[in-house]
Amino acid sequence: MPLSDALRQLRRALGAAARHPLTLRLLLALPLLWFAGRVPQPVVRIGPPQTVQTTNPKMGVHTRLTDEVEEWKIKRTLEMVREMGASWIVEYFPWGYYEPQPGQYDWRHPDLVVDHALAQGLTVLARIDFVPQWARPEDTTYRYLPEEQFDSYADFVAAFVEHFSGRVGHIIVWNEPNLSFEWGYRLPDPEGYARLLRTTYQRVKAVDPEVMVLAAGLAPTLAPAGSEWGMDDLEFLQRMYDAGARGSFDGLAIHAYGWVFPPDDPPGEEVLNFARAELVHQVMAANGDAALPCFITEAGWNDHSRWTKAVSPGLRVEYTRRAYDKALQEWPWCQALAMWAFRYPWPARTFQDGFTFVTPSFIAKPIYSEMQRYGRGWED
Amino acid sequence: MGAASGQETHARSARSVRERLFWLLLGLICWTLAWRSIRTTWLYARTDPTWEHIQRQGVVRVCMDAAYPPFEVQDSSGRFAGYDVALAEELAACWEVGAEFVNVHFDGLYDALLADKCDIVLSALPYDETLTEDVLFSPSYFNAGLLLAVREDETRIRSVNGLDGKRVAVESGASAHLEARRLQEQARIALQIVPLPTAAEALQAVAAGEVDAAIADSVSVYESAADPGGIRYLERFLTDEQYVIAMRPDSGYMWKRIADELARMHKDGSLERLQSQWF
């Protein structure tokens with residue numbers, strides 16, 4: 001076919017298309033499609049860097065932003081932490097969320113949390129656990145980490161450290177491994193945990209020697225020997241040392257709940273109270289680690305009216321204030337005291353709500369206002 | 001031309017009817033298959049692994065965090081007591097098996113269930129819409145939400161809107177306090193909040209005429225309302241805290257047995273009688 005014929009046919013086809021009633025509609029719809037296809041720009045800005053103003057530089061809280069979807073809520077939560085006068089946050093970074101397939105990382109959400117925290121002038125302690133589906137057998141819980149996957153966990157922590165280099169300087173390896181629930185409903189295994197800690201420590205140090213690796217906070221418990229539910233925290237720590245854990249951590253996370261006792265209630269091996277943290281530190285000292293810092297990453301009192309382990313809201317305020325003071329003045333080995341829990345993304349609708357400082361809808365509880373008065377030095 | 005056009009229209013119409021019939025038939029087949037699946041899994045299934053285990057062992061294992069009176073507590077001798085304990089025993093009796101209680105910290109309840117440490121969780125457990133893929137929840141057996149209490153002879157306050165300009169007692173720092181603040185700040189109701197140390201004191205203040213109303217959790221309100229000559233409460237809950245029983249996802253038949261028993265107990269008043277023994 002000669003070229004002129006082909007061009008004529010093309011022109012005819014174009015003319016027919018132009019006259020088709022759909023053409024005009026499509027042309028009119030194009031701008032709409034263009035707008036619809038645009039990715040919306042973020043409306044929440046990180047904002048200029050802030051500084052925490054506080055009378056107690058050890059004040060901290062455990063935030064729960066893991067499941068907080070909306071960025072403005074992440075930002076508002078961290079703003080309120082700063083405004084209260086707390087410098088430290090402990091946050092939970094579930095491995096299973098951020099490495100859904102081996103080697104595939106998704107740092108979008110943790111980036112939001114960390115960047116907003118840093119902008120508020122806060123120091124982040126990152127607790128890492130939660131086993132992804134691919135790293136555990138079927139029909140196990142997300143806290144079940146088989147020994148053959150210790151390397152995978154360590155690899156993830158190393159990747160986390162590398163990604164957050166210069167932004168997150170403290171890593172907590174696992175959580176309460178002395179409870180069978182936190183160890184995938186297997187018997188607590190201090191020797192196994194010591195191996196996990198050592199593996200992780202070596203991987204992290206190879207990536208960034210400056211990052212502090214903290215051994216997990218143990219659940220304060222008086223479980224009898226051989227209990228299927230848990231192991232006494234002091235015994236667990238000693239057995240970690242016996243298994244050669246010394247040198248595999250730069251500091252220790254401690255959980256120090258007060259339950260119904262005041263912060264000055266004296267510690268005792270058969271008592272669960274806030275000052276039990278001193279006994280934990282004594283175990284460290286007895287094993288040559290007196291100089292290692294401790295970070296209390298969970299602590300506090302609950303003021304739910306129906307729970308048997310709770311106190312009144314007034315006592316909770318008094319005890320919390322005294323606990324922050326005690327950490328500052330009497331516990332030089334303790335670098336930070338983070339109270340559980342600043343705010344949940346949604347209400348637990350049970351006694352657990354009695355631990356929080358702020359409601360999911362950002363209404364400040366009396367405990368928040370009082371700790372702000374203390375932290376900011378607004379008291380008479 | 002006219003006849004041809006008529007034939008064409010007729011053919012198009014026949015084709016359209018055929019298409020509609022096809023989709024109707026396909027829809028019916030889908031619904032039939034779905035209905036059969038629902039019937040076999042939920043309505044007419046006669047067993048499931050949990051139910052089989054209970055029947056084999058002659059005991060239903062119940063996980064609870066026994067630190068929450070009046071729902072569940074454990075005394076120094078290790079004996080369990082409370083409304084949830086009584087409800088579990090009632091269910092077990094209906095199934096002609098025993099009830100065995102496993103004390104687990106609240107944080108570990110769901111994992112204990114999934115790790116087969118128990119057959120059900122019955123522990124003042126609030127319904128959690130984020131976990132419906134992980135466990136089955138029974139229908140609610142109790143609402144522990146907030147109620148508005150007024151004096152027995154008070155007739156003007158019929159809802160929270162009637163609290164404008166009224167003095168309302170709450171337990172300081174508790175969920176009732178936060179709800180009162182929400183009404184004040186977000187619902188713009190000009191009520192005056194009177195914080196008191198406990199819910200019981202807030203309700204006593206209503207009975208004594210020191211305040212116009214009180215907001216408190218339903219358990220506290222039911223306890224106070226049981227005393228003669230004191231307070232009454234408005235039936236409508238200010239907040240919902242529905243307590244449910246959790247089961248493993250493969251417990252479809254078990255779910256049905258529990259739902260049936262709860263429905264029966266609601267209907268014949270035995271659930272209310274059981275409740276009145278505890279609050």
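In strand S4 of chain B, B:Ala81 is the bridge partner of B:Val73. This pair offers a handy way into a predicted model, in which local features need pLDDT of at least 70, side-chain atom pairs count only at pLDDT 80 or more, and totals for chains, interfaces and linings use all residues. Residues are numbered from 1 along each chain as its sequence is written, while chains are lettered from A and ligands numbered from 1 in the order in which they are written.

The strands around this pair come next. Strand S3 (residues 72-74) of chain B and S4(B) run antiparallel and are joined by two bridges. Strands, like helices, are DSSP runs numbered from the N terminus, with at least two residues (E) for a strand and at least four (H or I) for a helix. Two strands pair if DSSP finds at least two bridges between them. S3(B) and S4(B) belong to an open sheet of three strands, ordered S2-S3-S4 in chain B, with antiparallel pairing. Because S2 and strand S4 (80-81) of chain B each have a single partner strand, they stand at the edges, and one side of each is left without a neighbour in the sheet. In general, strands of a sheet pair through backbone hydrogen bonds, either parallel or antiparallel.

Chain B as a whole contains nine helices and 14 strands. Its C-alpha trace spans about 95 × 60 × 35 Å along the principal axes. The radius of gyration of chain B is 27 Å, whereas a compact globule of 279 residues would have one near 19 Å; the radius is taken over C-alpha atoms, and the globule rule is 2.2 Å times the number of residues to the power 0.38. Of these 279 residues, 37% count as buried, a label given to a residue with 20 or more other C-beta atoms within 10 Å of its own (12 or fewer make it exposed, anything in between partly exposed, and C-beta atoms are placed from the backbone). The domain assignment divides chain B into domain 1 (1-44), domain 2 (49-143 + 241-276) and domain 3 (146-233), with bounds that come from an automatic or database domain assignment. Between the C-alpha centres of domain 1 and domain 3 of chain B there are 59 Å.

Attention now turns to chain A, which has eleven helices and eight strands. Here the C-alpha atoms fill a box of roughly 100 × 55 × 40 Å, taken along the principal axes. With a radius of gyration of 26 Å, chain A can be set against the value near 21 Å for a compact globule of 380 residues. Buried residues account for 46% of the 380 in chain A. Its domain assignment gives domain 1 (3-37) and domain 2 (59-375), and the C-alpha centres of these two domains of chain A lie 63 Å apart.

The strands of chain A form a closed barrel of eight, running S1-S2-S3-S4-S5-S6-S7-S8 with parallel pairing. From one strand to the next, the twist averages 30 degrees; axes are lines fitted to C-alpha atoms, for helices over the stretch in contact, and angles run from 0 to 180 degrees between N-to-C directions. Helix H10 (residues 313-330) of chain A packs on the sheet, where it touches strand S1 (59-62), strand S7 (294-300) and strand S8 (334-340) of chain A, and its direction makes about 165 degrees with that of S8(A).

S8(A) is mostly covered, with seven of its seven residues buried. On one hand, S8(A) pairs with S1(A) in the parallel sense over four bridges, and A:Trp340 of S8(A) stands opposite A:His62. On the other, three bridges join S8(A) to S7(A), again in parallel, and A:Ala336 in S8(A) is the bridge partner of A:Phe295. Elsewhere in the barrel, strand S2 (residues 88-94) and strand S3 (residues 123-129) of chain A run parallel and share seven bridges; A:Phe93 stands opposite A:Ile128 in S3(A).

Finally, the two chains meet. The contact takes 22 residues from chain A and 25 residues from chain B, two residues being in contact if their C-beta atoms, placed from the backbone, lie within 7 Å. On the side of chain B that touches chain A, strand S2 (67-68), helix H4 (109-114), strand S6 (120-126) and helix H5 (175-185) of chain B each supply at least two residues. H5(B) gives the most to this side, with four residues.
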